[in-house]
Amino acid sequence: MSNVKTIKTDRVPLGQKAAFGAGHLVLNLYPGALGFFMFFLLTAFGMDPFLAGLLGGLPRFFDAITDPIMGFISDNTSSKWGRRRPYIFVGGILSAITFVLLWQLDEGNSSDYNFWYFLIMSMVFLIGNTMFATPLVGLGYEMTSDYNERTRLMAFSQTVGLLAWVIVPWFWVIIADPDVFSNQAEGVRTMAIYVGAACLLLGLLPAIFCRGMDASHMGNRKKLTFTSIFSNLKDLFVSIKEAVKNRPFMKLCGATFLVFNGYQIVASFSFFIFVFYIFNGSYEATATWPAWFSSIGALVSAFLVIPIVSAMATKWGKKKAFIISTALSIVGYLMKWWAFTPDNIWLSFIPIPLMSFGLGSLFTLMMSMTADVCDLDELRNGMPRKEGTFGALYWWVVKLGQGLALVLGGLVLKVIGFDGNAATQTVETLTKLRIADIIIPVVTAGLAIWVMWKYSLSEERAKDIKAQLEERRGVL
């Protein structure tokens, strides 16, 4: 139990927390908007489903390459604005502009033309987004060296970031509404401009107001220039190897992959259960119920779950907070069997608070613990600190989970006999769908608890590491 108060110099001012949170709102808004907009590649722009699927998967391979490179570059950058902020500033501008351009598709063009336009612009967008996102994550790891303040910072940023998931479910409703836009293609093009403008304004805030460490005060930094970047990338593989050998970090990655991937596999299942089980195949009757379900889940996570998890982490430690939260989410998933019923639609909202402890706690705690892991890495391997590299590898695992979830989710639907073109589903298919919707996240959450059971980086150990580092190289 923690009884030590955070000293003033280790506290992150509210203004910086708000700016960092604004950055996380952008981090959630882009993938959220992309996920919902991708549906309209089929309906608004007439793209072949297979080609649309490729557009969802191919860019992730590109992402897997660029993220670690960007993390390594920002770790070894020195400027009067710090290691991360120049990239966040430039990346925030580039990603906003390219996101808007990405969705300026013309429904009159051929499917092949739109495919290649979208694929190429996706790569360009990902360069800007990686330049923004990877340094932003690394910046958060270094904004404070205090064990509990790290949790408070991540809790604040995740609360703000989750507001994106309150908003994005309604994109589908707005774009598809004929009273708002003359057609869906116009809706996508227009909404992309609004999203890009909002992300531009919000994304610049952390670059302007947040403060991190400057590599000029650190030893063993690789001196990077435009001509020497690629010759120094061999050191990137050394950094990755050191990260992979860090057992606490690998446990964090493993548990995150399990919880997040388990959720993502069945993410669309609730929508299908609403349509085909609760409303017997009527999209008209289903109306906005799924959007409300998603939005309320995000609100509960932001304003109920995260404050509770943050308090638990301060009182009992981050590992115990994760185990308790994940166990509560298992109870919530199990409750869906009784709560999702055609007899009373309102019962479906009862499991939301408990289910929300899964994802609501995940990134708050895991990002805070990754910051602790960066201290351990410095103790073992010395300078430079590698927040960017650890952040890039951690989020690569998250993106890998997303990619696999798209494949596995479709595979599960095929195995259970789900037919998306049918007006109704068989009783057997709906029963299997409801079972899969519960069992998959329950099993992955249980495995995540097992992975984290012997996680060794406690508050006492983290504070001891901090003391050893400050004795060795002073306070950064």
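Over the ring of which residue does the charged end of lysine 336 sit? In this predicted model, the ring belongs to phenylalanine 340, and the charged end of lysine 336 lies 5.2 Å from its centre. A second arrangement of this kind involves lysine 318, whose charged end is placed over the ring of tyrosine 147 at 3.8 Å from the ring centre.

To set these details in context, it helps to look at the chain as a whole. The protein chain contains 17 helices and zero strands. Its radius of gyration is 22 Å, close to the 23 Å expected from the globule rule for 476 residues, so the chain is as compact as a globular protein of that length. Along the principal axes, the C-alpha atoms fill a box of roughly 70 × 50 × 35 Å. Of the 476 residues, 56% count as buried. The accessible surface of the chain comes to about 20600 Å², and carbon and sulfur atoms account for 68% of that area. Contacts also reach far along the sequence: among those between residues at least 6 apart, 84% join residues at least 24 apart.

Aromatic rings offer a friendly way into the interior. A search of the whole structure finds 23 aromatic pairs. One of them is formed by phenylalanine 249 and phenylalanine 390, whose ring centres are 4.8 Å apart and whose planes meet at 85°, so the pair is edge-to-face. This pair links distant parts of the chain, since phenylalanine 249 belongs to helix H9 (residues 247-265) and phenylalanine 390 to helix H15 (residues 387-415), with the two positions 141 residues apart. Phenylalanine 249 has a relative accessible area of 2% and is therefore buried, the cut-off being under 20%. Phenylalanine 390 is likewise buried, at 0% relative accessibility.

Another edge-to-face pair is made by tyrosine 394 and tryptophan 395, with 5.6 Å from centre to centre and 85° between the planes. Tyrosine 394 is buried, its relative accessible area being 0%. Elsewhere, ring pairs connect Tyr30, Phe37, Phe99, Trp103, Phe118, Phe125 and Phe171 into a cluster.

A polar residue completes the picture. Glutamine 158 is found in helix H5, which spans residues 147-167. With a relative accessible area of 9%, glutamine 158 falls under the 20% limit and so counts as buried. Leaving aside residues up to four places away in sequence, glutamine 158 touches His24, Ile306, Phe363, Thr364 and Met367.

Note on methods. Residues numbered from 1 in each chain as written. Predicted model: local features only at pLDDT ≥ 70, side-chain atom pairs only at ≥ 80, totals over all residues. Heavy atoms only, no water. Helix = DSSP H or I, 4+ residues; strand = E, 2+ residues; numbered from the N terminus. Buried < 20%, exposed > 50% of the residue type's maximum accessible area, 1.4 Å probe, protein only. Contact = heavy atoms within 4.5 Å. Phe/Tyr/Trp six-rings, centres within 6.5 Å; stacked < 30°, edge-to-face > 60°. Lys NZ or Arg CZ within 6 Å of the ring centre and 35° of its normal. Rg over C-alpha atoms; globule rule 2.2 N^0.38 Å. Areas by Shrake-Rupley, 256 points an atom, 1.4 Å probe, with all protein chains shown as cover.
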